[in-house]
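Q: Could you take me on a close look at a single part of this structure, and explain the terms as you go? I am a first-year student, so plain words would help.

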Amino acid sequence: MSVRFLLNGERVHVGDVDPHTTLLGWLRERGLTGSKEGCAEGECGACAVALLRRGPDGTPRYDAVNSCLVPLPSLDGQNVWTVEGVAEPDGSLHPVQAALVERGGSQCGYCTPGFVVSLFCEYYRPGRVEPDPESISGNLCRCTGYRPILDVLKAIPAAAPEDPRRPERRLPVVASDTESRLEHVAGARRFLLPERLEAVFEALERFPEATLIAGGTDLMVYVNQRAARYPVLVSLQGVTELRRCEAAPHELVLGAGLPLSELEAELAERCRGELGLLEQLLPLFSSRLIRNRATLGGNLGTASPIGDSPPALLALDAELTLVSRGGARRVPLIEFFTGYRESLLRAGELIVSVHVPRPAPRFQRFYKVSKRVLDDISTVAAAFGLDLDAAGRVERLRIAFGGVAATPVRALAAESAARGLPWDRATVEGLLDAVSAAATPITDHRGSAEYRRAMVRRLFQKFFADTALAAEAAE
Amino acid sequence: MSSVGKPLPHESAGLHVTGKARYVDDLVPTLAGTLHAYPVLAPHPHARVLAIDAVACRALPGVVTVLTAADVSGENDTGPARHDEPLFPSEVAFASQPVAWVLAETEEQARLGAAEVRVGYEPLPAVLSIEQAIAENNFLTEEERICRGDPQRALASARFRTAGELFIGGQEHFYLETQAALAFVDETGSVFVHSSTQHPSETQEIVARVLGLPKNEVVVQCLRMGGAFGGKEVQANAWAAVAALGAVKTRRPVRVRLSRQHDMLTTGKRHPFLGRFEVGFGADGLLEAVRIELYSDGGYSLDLSSPVLMRALFHVDNCYYLPNIEVRGRPCRTNTTSHTAFRGFGGPQGMLVIEEILDRVARKLELSPHVVRERNFYRPGQTAHYGQVVKDAERIARIWTELRASSDFDARWEAVQRFNAEHPETKRGLAITPVKFGISFTTAFFNQAGALVLVYKDGTVQVNHGGTEMGQGLHTKILAIAADALGLPASAVRVMATRTDKVPNTSATAASSGSDLNGAAVRAACDEIRGRLAEIAARRFLTEPEAVRFEDGRVFRPGFPEHSASFGEIAAEGYLARLPLFATGYYRTPNIHFDRASGTGKPFHYYAYGAAVSEVEVDGFTGQYRLLRTDILHDVGDSLSPLVDRGQVEGGFIQGVGWLTTEELVWSDGVLKTNGASTYKLPTLGECPPVFRVELLTRAREPDVIHGSKAVGEPPFMLAFSVREALRAAVAAFGSGGIVELASPATPEAVFWAIEKTRARTACTTSRTNAAE
């Protein structure tokens, strides 16, 4: 069955293409060479394209994604715009293009198409009041030093009401054959794009060797960098049951298959300020380009010791709902990680939702130690949650780390030792050895074991310093 | 209106933003039947190749052929200076060195094929560090030395002395466009190569060498590069040779494009350096004696390691007068990629050492670092340690003073002290550092350039010159120079792709010299054509050629409105009068020389100057930091193109910040671990200071250079020293004095350990003091 989508407003049918073919590779082979490959791992953004889709509230908008991480079959039913589709058909430049030209925003020009697409998406972002620097945080430029590009962003005008490129004027999104549920076959390989959980289980039964793919921001890196090839890929991006969020009185339910950008919007809408850990985490998690695809389920499911959501969710006492054809089970996240890149997930089982019990801790802090502030992978990530009683004694303390052991870890001994103690410097100093006992770090290219060990202690001290300030401010 | 000095956008900007600007690999869909090349990489840093068995590979679908040494009809070597870089090595000299190449119908098939090539290796002992190379006496060249005065005696008599060493990490170029070449046998039977190269003539030479062809059988074209920064000065050649070899063997177009990982694993980087120093100084902080040893990690082959080292030796003075100095240097041979040109070309490494020294001197004497720097500045009339008068030395102090005022340095210095007194776990650092950078290739014969300017009968113009466009805006400047010289609007002039069949024997576009050299050559060619056309016009206007003006596409005699014609009319008339409407232009930099034996001469045509003030904030818990503000005042002479020049200053600065902070190369057993964008961290938007003020120095005309301008590509890179010194100042604020040892790059981890050391020493001093009480 062929993959059908809209490309710069034109209908496209793609028949025989290997499921691992990336959108970028396919575009360039077709002669649409404006999108560039700078890294093939979603770090540089030179390949950015816009997907026209509806946000959580139903408003149409453009979302920039890294086309090097998008398997072509996953585009079935989507509306794709590349840099070639940004200028008007008569060749006149879009305002973001004209501004980049005028302000010296391009030098070698290789990263420029990606910036154009990111700026284009920001230009039409629904409800934009202030320009969001995050919109270009996933684009690397080696020539300009960013200043002129940032100036373009800062001066970005409002989209004119009659602008034909406004997202609502470019709908409808492709009338995808929702009935048919894509099953793309090329040679011995398959790519399935089910829309219901039931269909996922069917697929997993038919193809026990199948691999699940959500946003693809991790798996496609393996495809590009380590030449991983999978006989059957089952995409979760269209599965409606994985996208539900809910604010129940006793817990917050977060859909495991929701792109993180949408999760941000949901959190802002349903419980702003309540899950500070996630709100602090998300901008540090990765660039906007990645967050437009990546999911919590993927970040947890890979069970990487350096994933950033595990420590934050561990500190929130999160639980997971795992579902298979045989039924659902609920497991505390702390039991989920069983070893290096290993988890409790059984064959045929997937993470459907993440549950955060309410009330969440009053003080929450997420810290990410990395070489770079934005768009980096953690050397050490730390998440803390704290509740104090009326007398200032510790009622609940949660301490979780990533990057310091084979799995994400919690410092359970320190947490329980803290109960009932006054939250002061002496307590914190007294707990340090117990906190660092949770860490068994290694040395690698991100940092030395000694540094990681030191960070475990120092970040706990930093948390104390920050909560002391926060408590002061509250008084 | 002249285009020179106007803030014109990059001449390809309209193509950049629409995705229409083509780079080498974008041409593949335009060539039917192109084969894709994929390398077989060696896993060992040093090994003998025993056998290559490609039988299984050749049997795979889509595989067309496997290239090995047996296919080389010419010389199996791509080394630019010394012939020490076998294209297909019998002895592997660094991990990931390609030993064979598979050509197939698709990239996927080529990759699968490469995985099936069986190579037998006999691993050999490897040299994996500068220290090991020194210990094993493994060097690429003899020692270089420059000496002035009597450093030995001055050292002995100095009131204060200090010694130390600094390891300076390398830097990956990370041009956004990886190395690429596309070659085919053209309709005449000769070889045509599209190459992302800074040096088409040398690429032509190497391709011809490998194929065993005369140079006139090979044409190399570079349309544009997606960044280069020195990384494509000599290291584009091997890929072009592979593509050309494959094209000749298969008679089909062959594409070589390195993946990011392969590019990082196989190409050289900025040289890592080890600097050892010993200095003597007075109580006022004046440097009386300096002895410096510089060891660079040259990698497995010579490449450009000699001139890189020389430039380091030339630049250990930066802006400071060193009356008694001995600087010696030697490139080490190691089993790693061959390190190569990178913006600054050894200059940054040499200069970093003297900045390290000055900071240590200041902290030893408990003086402010900026005071010690200023006291050591060159004064007008003084000479550099290699004997050249430091031309325009007064600009060092002028820039310093103007920038201190415009950046509000003194008040902010006080504010930072106050902030630090109030914040035990967060410290700010403020620093100002100067830059002096010598302009010219230190290899004298490279300082020449040629141009070929063609005027057509309709008055439109094509400009060919030897320089390449890598984003630095050379073509934009050339366009302005040509349009200005012919009195044309920029729209009437096209700068053509750089091709070896237009201008022969060109130099690399490097050493910041692209517009100085090629601009002057283009100007010479345009002047010649203009002279001929002036005679035609003079005849028509009944005047002397000197009275004819060329402006805005018109040729006219001022004061006589009827004596006016379009440039095209005059060109057409020139054709009918049988005058050549084309001309070559040539330029060589006058009066530069250097005597290696005595270590003296005038290697540079002039110097470019600048200074920067940076302020950072450092978190004492983690060592993480933010750059809060940077102010720059930089000397580009009379700017040819202010928009381009400002872009070079800002971009060079940020690239320098990357080198000194987040960009860390980590090798393990000779294998580069930071081999992708997810592990090697260049600056993002987050590293760009929220307050970033850049000014170009006014009243800065450079009389002996095209339109009074100065080179701009490299000098601003070293403005980033201000960030490293600001970080050091912040680290120092966690303690109570003394030298601050800070690794380079100053990653958050490096800053953290520096803080820990500073704190530990303070604690130790405090307890000692307490005990004494």
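A: Here is a walk around one strand and its surroundings, followed by a wider view.

First, some ground rules: residues are numbered from 1 along each chain as its sequence is written, and chains are lettered from A, with ligands numbered from 1, in the order in which they are written. This is a predicted model, in which local features need pLDDT of at least 70 and side-chain atom pairs count only at pLDDT 80 or more, while totals for chains, interfaces and linings use all residues.

Our part is strand 14 of chain B, residues 287-297. Helices (H or I, at least four residues) and strands (E, at least two) are DSSP runs, numbered from the N terminus. Of the 11 residues in strand 14 of chain B, 10 are buried, so the strand is mostly covered. Here, a residue is buried if 20 or more other C-beta atoms lie within 10 Å of its own, exposed if 12 or fewer, and partly exposed in between, with the C-beta atoms placed from the backbone.

Now look at the partners of this strand. Two strands pair if DSSP finds at least two bridges between them. Strand 13 of chain B (residues 273-281) pairs with strand 14 of chain B in the antiparallel sense, over nine bridges. In that pairing, Leu294(B) of strand 14 has Gly275(B) opposite. The two strands make a hairpin with five residues between them, and Gly285(B) in the turn has a positive phi of about 90°. Strand 15 of chain B (residues 325-332) pairs with strand 14 of chain B in the parallel sense, over eight bridges. There, Arg328(B) in strand 15 is the bridge partner of Glu293(B).

Arg159(B) leads back to this region. Arg159(B) sits in the loop between helix 5 (151-157) and strand 8 (160-168) of chain B. It has 10 C-beta neighbours inside 10 Å, which means that Arg159(B) counts as exposed. Leaving aside its neighbours within four places in sequence, Arg159(B) is in contact with Gly282(B) and Ala283(B). Two residues are in contact if their C-beta atoms, placed from the backbone, lie within 7 Å. The C-alpha atoms of Arg159(B) and Glu288(B) are separated by 9.4 Å, although the two residues are 129 apart along the chain.

Let us step back to the domains, whose bounds come from an automatic or database domain assignment. Among them, domain 2 of chain B covers 127-171 + 269-376, and domain 4 of chain B covers 448-588. Their C-alpha centres lie 45 Å apart.

Chain B as a whole has 19 helices and 31 strands, and buried residues make up 62% of its 773 residues. Among its contacts between residues at least 6 apart in sequence, 80% join residues at least 24 apart. The C-alpha atoms of chain B fill a box of roughly 100 × 80 × 50 Å along the principal axes.

Finally, chain B has company: 62 of its residues are in contact with 62 residues of chain A. On the side of chain B that touches chain A, the largest share, eight residues, comes from helix 17 of chain B. Chain A itself has 15 helices and 20 strands, and buried residues make up 57% of its 475 residues.
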